[in-house]
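This briefing covers two topics, the strands with their helix and the cysteines. Please look at the sequence and the structure first.

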Amino acid sequence: MKVQQLICDKCKIVLLEKDSVYLEEEKFPITSEEAKMIDKEHRGHECHIELVEKFS
């Protein structure tokens with residue numbers, strides 16, 4: 001199963017994980033609650049999105 005992960009480069013942690021169904025649309029949808037958490041805890045930090053394979 002492939003998932004997209006939003007990773008904080010400064011903190012070296014996965015902030016959010018989303019299903020890869022949005023990958024073809026080149027989207028990483030987040031809710032307003034998720035956006036508030038990221039803004040509050042990681043404002044000014046560099047982040048990137050990775051596609052990873054998860055094994056059960």
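Two strands are said to pair if DSSP finds at least two bridges between them. The model described here is a predicted one. With that meaning of pairing, the model has an open sheet of three strands, in the order S2-S1-S3, and the pairing is antiparallel.

**Sheet**

- Strands of a sheet pair through backbone hydrogen bonds, and they do so in either a parallel or an antiparallel way.
- Strand S2 (13-19) and strand S3 (47-53) are the edge strands, each pairing on one side only.
- On average, neighbouring strands of this sheet are turned by 30° against each other, with direction ignored.
- Seven bridges link strand S1 (residues 2-8) to S3, in the antiparallel sense.
- Opposite isoleucine 7 stands histidine 48, which belongs to S3.

**Helix**

- Helix H1 (residues 32-42) lies across S1 and S2.
- Relative to S2, helix H1 runs at about 165°.

**Cysteines**

- How many disulfides does a search of the whole structure find? The search finds zero.
- A disulfide needs two cysteine sulfur atoms within 2.5 Å.
- The closest cysteine sulfur to that of cysteine 8 is in cysteine 11, at 3.7 Å, so the two are too far apart for a bond.
- Cysteine 47 is in no disulfide either, and its nearest cysteine sulfur, that of cysteine 8, is 4.5 Å away.
- Cysteine 8 counts as buried because its relative accessibility is 0%.
- Cysteine 47 has a relative accessible area of 31%, so this residue is partly exposed.

Definitions and conventions. Residues numbered from 1 in each chain as written. Predicted model: local features only at pLDDT ≥ 70, side-chain atom pairs only at ≥ 80, totals over all residues. Heavy atoms only, no water. Buried < 20%, exposed > 50% of the residue type's maximum accessible area, 1.4 Å probe, protein only. Helix = DSSP H or I, 4+ residues; strand = E, 2+ residues; numbered from the N terminus. Axes fitted to C-alpha atoms, helices over the stretch in contact; angles between N-to-C directions. Contact = heavy atoms within 4.5 Å.
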